[in-house]
Amino acid sequence: MDYLSWISKIQVNQPAVLRRAEQIQARRPVKKEWQAAWLLKAVTFIDLTTLSGDDTSSNIQRLCYKAKYPIREDLLKALNMHDKGITTAAVCVYPARVCDAVKALKAAGCDIPVASVATGFPAGQTHLKTRLEEIRLAVEDGASEIDVVINRTLVLTGQWEALYDEIRQFRKACGEAHLKTILATGELGSLTNVYKASMIAMMAGSDFIKTSTGKETVNATFPVAIVMLRAIRDFFWKTGNKIGFKPAGGIRSAKDSLAWLSLIKEELGDEWLKPELFRIGASTLLADIERQIYHHVTGRYAAYHDLPMS
């Protein structure tokens, strides 16, 4: 494979990346009506996620209801957005909970996609055969998006061809389902490795590349995102194919979400600001966005009981 010799020569200029990340974080956020509009847009990019050991069918049901009705109806009416069909982009759960999510969304009468993590999430350290079977079972149960984790060992030891082959097998096991490849960037050792792993994942057929599982000690950061977005841009220039991007882990505040939208707009342009090409993996972000919208509409901050989970 001639691309392997090209991959091996890549070096990321870390000081330049860190300077760019500082610029992004120093930006002043948009205010008032513009902020409310951007926050509602951010809602439509969220993969509303629960990945807990104590997940049950009832909390999956509540999550799915919240995905369909992410912002209180009276707040949307005040903004004249109640008839715009605002929902989250997807619901993301463990493979064993896919059936519960599919059933709950069907009962709610909506077609929000169900995403399932797979391939030995979060560590990716189970046998390949098991990881592939996990993908197939999640797809059989109705998941239309699969968030796989890569085997970090292959990156840390420079086994790029083996990484490519594994992701190709993940792609095949997904069938028609979208493949979102989690790089677990906090465990890859360097920004150069992040770029290389991003490029391999896209070459192998990923529809999205995703920063983190949310379970690492370091999750979505701006330096890592800049490197991944530049890889997406380079891949687009080389192939004409647009690959999606999903930051996940530690994105909890409305202000954070605005910074991520701004980064995408600047690095990739408005055409990437749609759910087909940009997602935010989050479990608590939506609550803060709804809180900020409540404040915009009423002029005061909501009490906890004003904005329940469902």
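In the predicted model, strand S5 and strand S6, the latter spanning residues 208-210, run parallel to one another and are joined by three bridges. Within this pairing, Ile182 has Lys210 of S6 as its bridge partner. Between the two strands the chain passes through helix H10, residues 191-203, and the β-α-β crossover that results from S5 to S6 is right-handed. Strand S5 itself covers residues 178-182 and is mostly covered, with four of its five residues buried. Strand S5 also pairs with strand S4, residues 145-149, again in the parallel sense and over five bridges. In that pairing Ile182 of S5 is the bridge partner of Val149, and Ile182 thus appears in bridges with Val149 and with Lys210.

A further set of parallel pairings involves strands S1, S2 and S3. Strand S1, residues 46-49, pairs with S2 in the parallel sense over three bridges, and Asp47 stands opposite Ala90 in S2. Strand S2, which spans residues 90-93, pairs in turn with S3 in the parallel sense, also over three bridges, and here Cys92 has Ala115 of S3 as its bridge partner. The side of S2 to which its residues point alternates, in that Ala90 and Cys92 point one way whereas Val91 and Val93 point the other way, and all of these residues are buried. Together with helix H6, residues 98-107, strands S2 and S3 make a β-α-β unit that is right-handed, as is the crossover from S5 through H10 to S6.

With respect to the protein as a whole, the secondary structure comes to 13 helices and eight strands. The radius of gyration is 19 Å, which is close to the 19 Å given by the globule rule for 310 residues, so the protein is as compact as a globular protein of that length. Taken along the principal axes, the box filled by the C-alpha atoms is roughly 60 × 45 × 35 Å. Of the 310 residues in the protein, 52% are buried.

Several backbone features are found in the loops. The loop between strand S3, residues 114-118, and helix H7, residues 128-140, contains Pro122, and the peptide bond that joins Phe121 and Pro122 is cis, with omega at about 0 degrees. Thr119 is found in the loop between S3 and H7 as well, and its phi is near 60 degrees, a positive value in a residue other than glycine. Thr119 has a relative accessible area of 0% and, because buried means under 20%, it counts as buried. A positive phi, near 60 degrees, is also computed for Asn80, likewise a residue other than glycine; Asn80 is placed in the loop between helix H5, residues 73-78, and strand S2.

The largest pocket holds about 480 Å³ of space. Its lining comprises 24 residues, of which Thr49, Leu51, Ala282, Ser283 and Thr284 are the closest to the centre of the pocket. The elements that give two or more residues to this lining are helix H4, residues 57-68, and strand S8, residues 280-282. Helix H4 gives the most, with three residues in the lining of the largest pocket. When the lining is divided by class, it has 12 polar, seven nonpolar and five charged residues.

Two pairs of residues that are separated in sequence were also examined for their distance in space. Gln14 lies in helix H2, which covers residues 14-26, and its C-alpha atom is 7.0 Å from that of Leu191, although the two residues are 177 residues apart in sequence. With a relative accessible area of 43%, Gln14 is partly exposed, because this value falls between the 20% below which a residue is buried and the 50% above which a residue is exposed. In the second pair, Pro247 and Met228 are 19 residues apart in sequence, and the distance between their C-alpha atoms is 9.9 Å. Pro247 is found in the loop between strand S7, residues 244-246, and helix H12, residues 254-267, and with a relative accessibility of 0% Pro247 counts as buried.

Notes: Residues are numbered from 1 along each chain as its sequence is written. This is a predicted model: local features need pLDDT of at least 70, side-chain atom pairs count only at pLDDT 80 or more; totals for chains, interfaces and linings use all residues. Side-chain values use heavy atoms; hydrogens and water are left out. On a 1 Å grid over the protein atoms alone, a cavity is a set of points where a 1.4 Å probe fits but cannot get out, and a pocket is an open set with protein on both sides within 12 Å along at least five of seven lines; lining residues have an atom within 4 Å of a point. Grid points are joined across faces, edges and corners, and a volume is the space filled by probe spheres set on the points. Ala, Val, Leu, Ile, Met, Phe, Trp, Tyr, Cys and Pro count as nonpolar, Asp, Glu, Lys and Arg as charged, and the others, Gly among them, as polar. Buried means under 20% relative accessible area, exposed over 50%, partly exposed in between (1.4 Å probe, protein chains only). Two strands pair if DSSP finds at least two bridges between them. A crossover is right-handed if, with the strands pointing away from the viewer, the path from the first strand over the helix to the second runs clockwise. The radius of gyration is taken over C-alpha atoms; the globule rule is 2.2 Å times the number of residues to the power 0.38.
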